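Reader: Could you walk me through this two-chain complex at a friendly pace? I would like to see how each answer is reached.

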Amino acid sequence: MRRLALFGAGLLAAWATGPIRAADEFRVTASVYPLGRITDTTEIRLVLSIEGSSMPEVSSLNLPPMKNLHVISGPANSRQSQMSWVNGAISSSNSLSMTYGLAAEGPGPAEIPAFDVQVGGTHYRTSPLRFTVEAGGGAPPPGAQGHGARGRAPQPQSGDDGIDVFLETHAGAATAWVGQPVLVETTLYTSVATPHFDWIDDPTFKGAWTESLAVDSNREAARVEKGGRQYMAFPVSRKVVVPTAPGAIAIPQATALVQVQRPSRDRFGMLFGLEPLVNLQRKTSPLTITARPLPEAGKPPDFDGTVGSYRISATADRKQAEVGDAIALRVTVEGLGSLQAAKPPRLPSIPDAKFYDPKIVENASTGANHLSSRKTWEWVVVPLSPGSLDLPAASFSYFDTESGTYREARADLPTVAVVRGAAVPDTGVARGEVQQNLRDIAFVKPRSGPLREPVPPLSRRAWFLALLVLPVAAVPVGIWAGRRRERLLTDSGFARGRRAARAAMKRLERAERRAADAAVFHEEIAGSLVDYVADRANRSAAGLKYDELDAILAGGGVPQALRSRYHRCLETCDFARFTPDAGRDGARADVLREARGILKALEESW
Amino acid sequence: MSRTRLATLALALLACAGGIGAPPARAETPEDVFDRGCKAYGEGKWDEAAEDFRAVLRYGFADWRLEYNLANAELKRGKLGPAILHYERARRLAPADRDIAGNLAIARSRSRDVVEDPSDSGPVAAVRGLQDRVGPGGQAALVLVGVWVLAAIVTWCGSHRGGFTAGWTWTLCAVVAATALLFLSWRATDDRLVGTPRAVVLKPSVDALAGPGMNNASLFTLHEGTTVEIEAEREGWLQVALPNGLTGWVARDDAERI
């Protein structure tokens with residue numbers, strides 16, 4: 001138990017004091033691998049190792065310019081920690097490895113100068129590294145072979161790798177005309193498995209433009225025999241090189257990184273695929289293609305620089321059409337060479353037909369040593385008038401590489417019979433805004449009725465002026481009528497007063513119709529007179545006595561004589577109501593007349 | 001009876017029979033002449049068409065189709081001045097018709113004189129186009145409607161206590177403004193299309209002089225089809241003005257009032 005406590009205390013002390021004690025104790029070393037022979041095809045590794053008691057942190061690191069070397073990958077960092085117990089004391093060590101991949105630029109001396117590494121705020125400086133790069137997998141000078149130019153490392157290199165892997169570049173022709181495409185293909189020959197292949201650099205060409213073509217290395221791989229040895233040949237690059245100026249065109253070296261499985265004598269390892277993987281660098285050999293200038297003699301005026309060997313064909317999709325129909329006109333140029341920059345064949349314009357811009361379909365394919373191209377231009381031609389449409393012959397000028405002369409390919413087109421259609425069809429092929437061919441005046445107007453006599457304008461007609469002025473008078477009348485209507489609706493006294501005479505007259509008429517009954521007759525007469533006064537004064541008629549009625553009339557400014565007539569008429573009616581035999585027919589007519597007269601007089605005087 | 005007499009008698013009898021069987025001749029109406037002119041125009045007989053349309057005009061009709069058709073025939077005959085004259089007259093009668101405006105533009109484009117009206121572009125041209133489409137008559141009718149709407153609102157608000165609410169007041173102001181605007185537009189359109197006296201040059205080349213008399217200096221030259229404004233008239237002379245400000249006197253026979 002005591003030992004365990006001591007061990008724990010010691011461990012804690014080591015953890016607590018370790019970082020403080022090791023804060024400024026680092027060892028920085030730079031090394032180059034492999035340690036043995038280094039060739040210009042060897043993958044060189046620069047390993048920067050920083051060791052200390054604590055885990056180092058590199059805050060800045062810039063590799064200096066190196067002699068005959070350049071960085072192709074990295075850095076790849078690797079950290080390690082180790083703790084040891086020695087004689088009862090605990091010690092820890094930590095290391096950081098930073099690995100750069102370097103490539104030699106060629107055989108010769110190489111140097112990595114001393115450089116600074118900042119670790120935890122302290123600058124450390126490495127020692128300079130010097131070594132010699134020997135010739136490894138480089139190719140011998142290019143040499144013409146067969147139809148084209150070929151360059152490769154003819155023998156597998158030995159030394160650091162000693163693995164039989166090399167690149168070979170082949171040009172379709174050593175000499176070409178300016179504008180003539182030359183196929184340049186690079187093949188990887190290997191006798192061992194190559195899990196990975198990648199280009200490190202892709203140099204540019206001068207005096208030519210290039211276009212890379214697709215390569216399927218696995219599908220196009222083939223087993224070949226070279227120098228009595230069996231190889232797997234993988235096409236890894238295919239380019240079309242078109243010289244743009246006469247002279248020598250240098251196809252420079254290109255470097256590739258090839259990962260191979262190193263052959264092993266260990267059959268167990270071979271059986272289970274446990275051979276080690278090795279990264280190798282391989283370079284192509286430089287090639288030169290000589291470009292010859294095109295002759296000036298006999299150059300057609302419409303020559304657009306197309307070089308090769310071509311033929312032309314032309315078709316129209318119909319021989320009969322209606323006015324406005326879309327006729328598809330296809331002209332195809334195909335042959336050996338590049339048609340990428342080829343302009344459309346000449347197609348002279350003709351009257352009575354509208355040509356739209358052509359649609360272009362182009363494809364290219366490669367053969368063993370050549371490039372085949374096919375380009376189709378499709379015009380849409382719309383005939384504008386009926387008749388015979390003689391489509392012009394299409395022509396195409398090019399420089400023939402076989403004969404070394406300029407040639408013109410021609411293709412005739414059929415004559416299309418154009419008839420006037422019943423309607424303008426929907427072409428469905430070419431769409432665009434309808435353009436006016438000619439501007440002319442609109443047609444005459446037919447007569448749709450009798451011709452019109454001169455009439456004064458609307459503004460000078462009497463009814464128009466009357467309607468324009470009428471609101472001046474109509475507005476005051478309308479306002480007065482509206483206000484009166486509103487008062488009738490809202491002021492009951494005013495409304496009763498305005499309706500009093502009419503109601504009284506109606507009651508008198510009712511009395512006249514019922515004159516046979518003396519009581520009813522006189523009651524109606526008296527009621528009409530009383531109701532009239534009550535309505536005008538906006539009072540209730542029930543219970544009004546003679547003196548109250550007289551006071552109301554007097555208040556309304558009714559003269560005394562008329563008030564007396566009113567009073568007498570009421571008394572006559574009241575008397576007659578209660579005396580059945582009173583008042584004969586003639587007397588009732590007099591009462592009725594008197595009542596009407598009184599009401600009329602009241603209307604005038606009140 | 002000789003053979004000659006017998007033949008003459010037979011011919012006379014045939015003529016009588018023919019006369020009896022034929023329908024009675026009908027006097028040709030102006031409408032018939034108009035239709036004949038349209039047919040002649042369709043057949044490309046421009047001279048006959050123009051003559052027929054002119055004959056109908058002499059009846060005193062004021063039909064825009066007649067003026068338009070005559071202008072078409074004159075233009076086809078190559079008579080630019082009369083064509084523009086009758087297009088202008090047709091436009092006065094039917095300012096909203098697009099064919100008249102289109103044909104007039106084509107005819108003017110063939111005139112040698114390029115007379116640019118500074119106000120014939122931008123928003124002013126757009127407003128004028130709208131005014132022409134509605135026409136003076138249409139605008140007058142709109143003014144009448146506006147006045148009655150105004151009267152109705154005033155009557156309604158005035159006949160009720162508290163009728164002039166804020167909403168009605170704003171509505172009233174809007175209607176007043178719209179009606180006033182319509183009135184101004186109507187008067188301007190009427191003045192532009194009808195009120196301003198204008199004439200069209202009928203001679204191929206006419207010198208505009210500094211005064212009403214041949215002894216005056218020539219200020220500028222007008223060509224057939226050019227439309228000018230008439231500023232004054234005096235003893236067989238017209239004082240004409242162009243939109244660019246030039247004024248001069250031309251003989252009355254060299255230009256015809258629209």
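What follows is a set of questions and answers on this predicted model.

Reader: Good to start with confidence: what ipTM does the model score?

Author: Happy to begin there, since this is a predicted model. Two scores come with it: pTM is 0.42, and ipTM is 0.74.

Reader: Which residues of chain B have pLDDT under 50?

Author: Chain B as a whole averages a pLDDT of 86, and 88% of its residues score at least 70. One stretch stays under 50, and the model gives that stretch zero contacts beyond four places in sequence. Where pLDDT is low, the predicted coordinates should not be read in detail. The stretch in question is residues 18-24 of chain B.

Reader: How many strands are there in chain A?

Author: Chain A has 606 residues, of which 26% count as buried. Among its contacts between residues at least 6 apart in sequence, 73% join residues at least 24 apart. Alongside nine helices, the strands of chain A number 33.

Reader: And chain B, how many helices does it have?

Author: Chain B has 258 residues, and buried ones make up 30% of them. Of the contacts in chain B between residues at least 6 apart in sequence, 58% join residues at least 24 apart. Its strands number seven, and its helices eight.

Reader: Are α4(A) and α7(B) roughly parallel or roughly antiparallel to each other?

Author: Helix α4 of chain A covers residues 462-490, and helix α7 of chain B covers residues 122-158. Their axes come within 8 Å and cross at roughly 10 degrees. Angles under 35 degrees count as roughly parallel. The two helices are therefore roughly parallel.

Reader: How many charged residues are in the contact of α4(A) with α7(B)?

Author: From α4(A), the contact uses residues including F464(A), L467(A), L468(A) and G482(A), while α7(B) brings, among them, L144(B), W148(B) and T155(B). By class, the residues of this contact are 13 nonpolar, four polar and, for charged, no residues.

Reader: Taking the whole contact between the chains, how many charged residues does the side of chain A have?

Author: The contact takes 35 residues from chain B and 26 residues from chain A. On the side of chain A that touches chain B, 16 are nonpolar and three are polar, and the charged residues number seven.

Reader: What distance separates the end C-alpha atoms of helix α8 of chain B?

Author: This helix runs over residues 166-195, which is 30 residues. At 1.5 Å a residue, it should span 44 Å. The model agrees with that expectation, the distance between the end C-alpha atoms being 40 Å.

Reader: Which helices are included in what covers the buried residues of α8(B)?

Author: The residues being covered are L182(B), W186(B), T189(B) and L193(B). An α-helix has 3.6 residues a turn, so residues three or four places apart point the same way. The cover over these buried residues includes two helices of chain B, α5 (80-93) and α7.

Reader: Is N538(A) buried or partly exposed?

Author: N538(A) sits in the loop between α6 (518-537) and α7 (546-555) of chain A. Its phi is near 55 degrees, a positive value in a residue other than glycine. A residue is buried if 20 or more other C-beta atoms lie within 10 Å of its own, and exposed if 12 or fewer do. N538(A) has 14, so N538(A) is partly exposed.

How values were computed. Residues numbered from 1 in each chain as written. Chains lettered and ligands numbered in written order. Predicted model: local features only at pLDDT ≥ 70, side-chain atom pairs only at ≥ 80, totals over all residues. Axes fitted to C-alpha atoms, helices over the stretch in contact; angles between N-to-C directions. Helix = DSSP H or I, 4+ residues; strand = E, 2+ residues; numbered from the N terminus. Parallel < 35°, antiparallel > 145°, perpendicular 65-115°, else oblique. Contact = placed C-beta atoms within 7 Å. Nonpolar A, V, L, I, M, F, W, Y, C, P; charged D, E, K, R; others polar. pLDDT = per-residue confidence, 0-100. Expected span 1.5 Å × (residues − 1).
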